[in-house]
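Here's a quick look at how the aromatic rings sit together in this protein. Have the sequence and the model open as you read.

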Amino acid sequence: MKTELFRRLDEKKERIIEIRRYLHAHPELSFQEENTAKYIAEFYTDKPCDVREHVGGHGVVVTIDSGKPGKTLAIRADFDALPITEQTGLPFASKNPGVMHACGHDGHTAYMLVLAETLMEMKDQLAGKVVILHQPAEETPPGGAIHMIQDGCLGGVDHVLGIHVMSTMETGGIFYREGPIQTGRAYFKVKIQGKGGHGSSPHMANDAIVAASEFVCAVQTIVSRRLNPFDVGSITIGSFDGKGSFNVIKDSVELEGDVRAMTEETRSLIEKEIRRILSGLQEMFGITYELEYNNDYPVLINDPAFTEFVVKSLTQSDIPEVTSIERCEPQPPSEDFAYYAQQRPSVFFYIGAMPDNGEYYPHHHPRFDINEDCLQIAAKVMGALVIDYMKEGERDEDTNSSV
């Protein structure tokens, strides 16, 4: 059955690339993906599946029902782009100024559409159901996953799978890890209120820049002096809005920061320490402050048992284009796939997409691109997992029926 699936996907390889290039040329930002969602829904017109649109916003949920008893597996592909001006020079570069598919979500959607179509062609050989989660707004909190979940996209689903193409990993490689694999994150914004004045008379003012600068330095001690050395955490001050005249003492300063952590306990500890430092600054400098603090994407945790199933399945699938299956290190970025993993046993893993010459740009770079061979690999890898999963579900049903 896998051989037949691979053959059919080989026949559609150029079509997958064609779809990816169309989507690449027509990117849309998170929560604004109206045309992309319409394109996805129209792809399924007159196909043997159930299509539900506007799930949690622009989400599209497609159910492939084999008509036979078995488990239900959800497979997810995101489709939003980023506020980046493309500099690749590709003939299919973005036609939307200031918007770019700089993370590979165009490729995720392209392979998923063609894989879903192929699974429909073969659904008489399957058992159970496959649910395709076409998800918007992965890039921007609160993200599309949580809204789709709230709108019932996981109803009846037993497990969830997701992949990400990675320009930083060699094409042909499959990379996985059980347990925590991507960081949870938080965003904070602080307004430090002092008292403005003339630069010649600092004693008559209360310099917000001095207090804010102390805060920037002090928060770095959270990682170096408050976290266990074996824990993972980072704090980045990405914005310090203190611009003014050279001889004027600033009345107030606004800062924005990013927090990452590999456990929820670490994320909570960092928040607690940031609040403690601000309280101390208030006493130390006589300032006041306003804090906006939002924990958004949780730590992404792969279910160990389901990860074992994924590795076993792929090891035995003999996919010609796959050159290695490797356990990798956790990845620093955050992913709203984590919300699915909180609800169902899930696995998120990576497909190498590095250009053949080994020269690559990281995700979210204006010159980011992928090796399009990764799309065929992604389709075959996910297709093989679907087949093995549904075979397992069919055996479980047979065992239950014989009891």
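## Ground rules

A residue is called buried here when its relative accessible area is under 20%. Keep in mind that this is a predicted model.

With that cut-off, Phe43 comes out as buried, because its relative accessible area is 12%. Tyr44 is buried too, with a value of 2%.

## Phe43, Tyr44 and a lysine

How many aromatic pairs are there? The count comes to eleven aromatic pairs. One of them joins Phe43 and Tyr44: the ring centres are 5.4 Å apart, the planes make an angle of 85°, and the pair is edge-to-face.

Phe43 also has a charged residue over its ring: Lys47 lies over the face, 4.6 Å from the ring centre.

## Phe188 meets Phe215

Phe188 and Phe215 also pair up, with 6.3 Å between the ring centres. Their planes are at 85°, so this pair is edge-to-face.

What does the pair tie together? Phe188 belongs to strand E8 (residues 184-193), while Phe215 is part of helix H6 (residues 208-226). The contact therefore ties together parts that lie 27 residues apart in sequence. Phe188 is buried, at 0% relative accessibility, and Phe215 is buried at 0% as well.

## A cluster, and an arginine over a ring

Which residues do ring pairs link into a cluster? They are Phe337, Tyr340, Phe348 and Tyr350.

Elsewhere, look for Arg185: this residue lies over the face of Tyr297, at 4.1 Å from the ring centre.

How values were computed
Residues are numbered from 1 along each chain as its sequence is written. This is a predicted model: local features need pLDDT of at least 70, side-chain atom pairs count only at pLDDT 80 or more; totals for chains, interfaces and linings use all residues. Side-chain values use heavy atoms; hydrogens and water are left out. Rings of Phe, Tyr and Trp (its six-membered ring) pair if their centres lie within 6.5 Å; planes under 30 degrees apart count as stacked, over 60 as edge-to-face and the rest as tilted. Buried means under 20% relative accessible area, exposed over 50%, partly exposed in between (1.4 Å probe, protein chains only). Helices (H or I, at least four residues) and strands (E, at least two) are DSSP runs, numbered from the N terminus. A charge sits over a ring if NZ of Lys or CZ of Arg is within 6 Å of the ring centre and within 35 degrees of the ring normal.
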